[in-house]
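Please work through the exercises below with the sequence and the model side by side, trying each task before reading its solution.

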Amino acid sequence: MGGVELLTITVLAVFVGFEVVSKVSSILHTPLMSGANAIHGIILVGAITVAGQATDGWVLAVALLAVVLATANLVGGFVVTDRMLEMFRGRATPGQGGAKGEAK
Amino acid sequence: MTLSSEILDPTWTAFLYLVAAVCFILALKGLSSPKHARRGNLLGALGAFVALVTVFLSSRLENIPWILAAMVLGAALAAPVARRVRMTQMPQLVAVFNGVGGGAAALVALLELPHAEDGWLRVAIVFTLLVGAISFAGSGVTFAKLQELMTTRPVVFAGLPVLMGAVLVGAVGAAAAVVVTGSTGLAVAVLAVGLIAGLLLVLPVGGADVPIVISLLNAFTGLAVAASGLVLGNVLLVVAGTLVGASGTILTRLMAAAMGRSVAGVMFGAFRGGSTAGSTAVSERPVRSSSPEDVAVLLGYAQRVIIVPGYGLAVAQGQHAAAELAQTLESRGVDVEFAIHPVAGRMPGHMNVLLAEANVPYESLMEMSEVNGDFKQADVALVVGANDVVNPAAKTTPGSPIYGMPILEAGDARQVVFLKRSMRPGFAGIENELLYQPQTTLLFGDAKESLTRVLSAVKSL
């Protein structure tokens, strides 16, 4: 793909990013950050590409290090975000609310 | 050995990357409400999975067993930590994941350099090298500060501004040399300079400002990934990196605004001597202190209570006690809400996560803008382990370091109860006039202990 096309996509992505993220509820800013964190772990695709083309031992070693780091970023990011979001429950869940405290 | 061959033609590859990109956008969009957020995140993970399958099927890859082993290793390192980490330690974990992502982007760029003939590609490569390395080293320092492996106060030394300037000049020089020559040796030098720059950038930042730095470094890693996408000609990396860059930028600005400071002031404030380190001076002025039983009476017979949790609550691990107190009061018919300042906690939105973990329903978690009008109708504002975020000096004292910071108007409530460890001022090191007002009562002690004692007193009312 040519440079101008990539630049076009970049600029459009900037606008999409600002549009989507500015609507995120401030309650969820921590999951937003860890979720965004997970998304940049997709650099793994780049790391795999580089490792897959490596012919030299050193290049392969460095590329595999990048694969390890990127996988940790990607997998860890999605797992921890899921764990956090699971905790955000609405009032509807019975059993927890009100049951513990006894009115005088 | 070559396991995969080009099963997917370029059109299908591009299409599947588009699918993955859309999944990522929807993952972020899902976060607009807690209801759909979890599904959104799973969709994001699905997008990542689609992208990984695509990369294996679309190009002729060598070394596949090695790559798979490295992936298994990375996942095995990260998943257990992600599953077990305590919610109070979330900022550290985000810093680590952010740093390794930036490091990975920098390494990818380094290895692509020999294939880059074009000058512009080399510009994108040195950008990725520098920003990725800054993000890696900066996140490392952030982690050390949050984990309290080092002092949380700003680290400044006499020659710091000069050194920083020298590093910047060195970075620009080395980067220009790489663009002209394409030398890998020089690229390693750029990487090293980037690491030093990352250290120098974050060392002078005080503990209270860490939320801003985390989001800034998050944006940095996003930009590094986007630039590496340009290098590899991979649209998905460009889109994903740009999305993260945008989210990090927005959050950084929001956080800075919520603290009433500029981003530049946070990053370089310590250079000018105006640090955010808390003072330890203790005032001698009289305050009204009270017993847990008295506080329980105030709360138990109120109609409307607004709880203002601060980082002191999280430090004391008191969020479960706070949640139980809220439930107990609600079962007595008291209307209870939590008023959350954007910078409560150690990263944006941190307090919400801590309270959600303690089973507080998200409907009770109110943002500053939603809740500020409600304080006037509240019988009691219960301030737990917070100080600066309710300090009226932010509105009334133009010379104050926190002047201009939006605050929670707890002073508007009929009664204000502070649960505090001591009369020590907060992070910003400023006296809080609200503590001396006639409607204010103080209960001294560890936040969790105080809450537990108030709770049992409420139960026996």
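The exercises that follow go from one chain to the contact between chains, and then to domains, strands and single residues.

Residues are numbered from 1 along each chain as its sequence is written, while chains are lettered from A and ligands numbered from 1 in the order in which they are written. The model is predicted, and for that reason local features need pLDDT of at least 70 and side-chain atom pairs count only at pLDDT 80 or more, whereas totals for chains, interfaces and linings use all residues.

**Exercise 1. Describe the secondary structure and burial of chain A.**

Step one is to list the elements, where helices (H or I, at least four residues) and strands (E, at least two) are DSSP runs numbered from the N terminus. Chain A has four helices and zero strands, and its pattern along the sequence reads α-α-α-α.

Step two is to look at burial, for which C-beta atoms are placed from the backbone and a residue is buried if 20 or more other C-beta atoms lie within 10 Å of its own, exposed if 12 or fewer, and partly exposed in between. By this count 55% of the 104 residues of chain A are buried.

**Exercise 2. Work out which elements of chain A touch chain B, and with what kinds of residue.**

Begin with the contact itself, which requires the C-beta atoms of two residues, placed from the backbone, to lie within 7 Å. On this basis 85 residues of chain A are in contact with 102 residues of chain B.

Next, assign the chain A side to its elements: α1 (3–21), α2 (29–40), α3 (43–53) and α4 (57–87) each supply at least two residues, and α4(A) gives the most, with 28 residues.

Finally, sort by class, counting Ala, Val, Leu, Ile, Met, Phe, Trp, Tyr, Cys and Pro as nonpolar, Asp, Glu, Lys and Arg as charged, and the others, Gly among them, as polar. The chain A side then divides into 49 nonpolar, 27 polar and nine charged residues.

**Exercise 3. Find how the two assigned domains of chain B meet.**

First take the bounds, which come from an automatic or database domain assignment: domain 1 of chain B covers 85–272 and domain 2 covers 292–459. Their centres, taken over C-alpha atoms, are separated by 35 Å.

Then turn to the contact, to which domain 1 of chain B and domain 2 of chain B contribute 17 residues each. On the domain 1 side, the elements that give two or more residues are α4 (90–112), α8 (210–232) and α9 (235–258) of chain B, and by class that side has 14 nonpolar, three polar and no charged residues.

Last, consider α4(B), where 23 of the 23 residues are buried, so this helix is largely enclosed by the rest of the structure.

**Exercise 4. Place strand β1 of chain B among its partners and follow V383(B) into the core.**

Start with pairing, which needs at least two bridges found by DSSP between two strands. Strand β1(B) (residues 304–309) is joined to strand β2(B) (residues 335–340) by four bridges, in parallel, and R304(B) has D335(B) as its bridge partner there. With strand β4(B) (residues 380–384), β1(B) also pairs in the parallel sense, over five bridges, and I306(B) stands opposite A381(B).

Burial comes next: five of the six residues of β1(B) are buried, so the strand is largely enclosed by the rest of the structure.

For V383(B), leaving aside neighbours within four places in sequence, the contacts include V308(B), A410(B) and F418(B). A nonpolar core is a set of buried Ala, Val, Leu, Ile, Met, Phe, Trp, Tyr and Cys residues joined through C-beta atoms within 7 Å, and in the largest one, of 205 residues, V383(B) and V308(B) are among the five that touch the most other members. The helix α4(A) gives the most to this core, with 17 residues.

**Exercise 5. Compare the surroundings of N63(B) and Q317(B), two residues with positive phi.**

Recall that most residues other than glycine have a negative phi.

N63(B) has a phi near 60 degrees and lies in the loop between α2 (34–58) and α3 (64–84) of chain B. Q317(B), with a phi of about 55 degrees, sits in the loop between α12 (311–315) and α13 (319–331) of chain B.

For burial, N63(B) is buried, with 22 other C-beta atoms within 10 Å, whereas Q317(B) is partly exposed, with 16.
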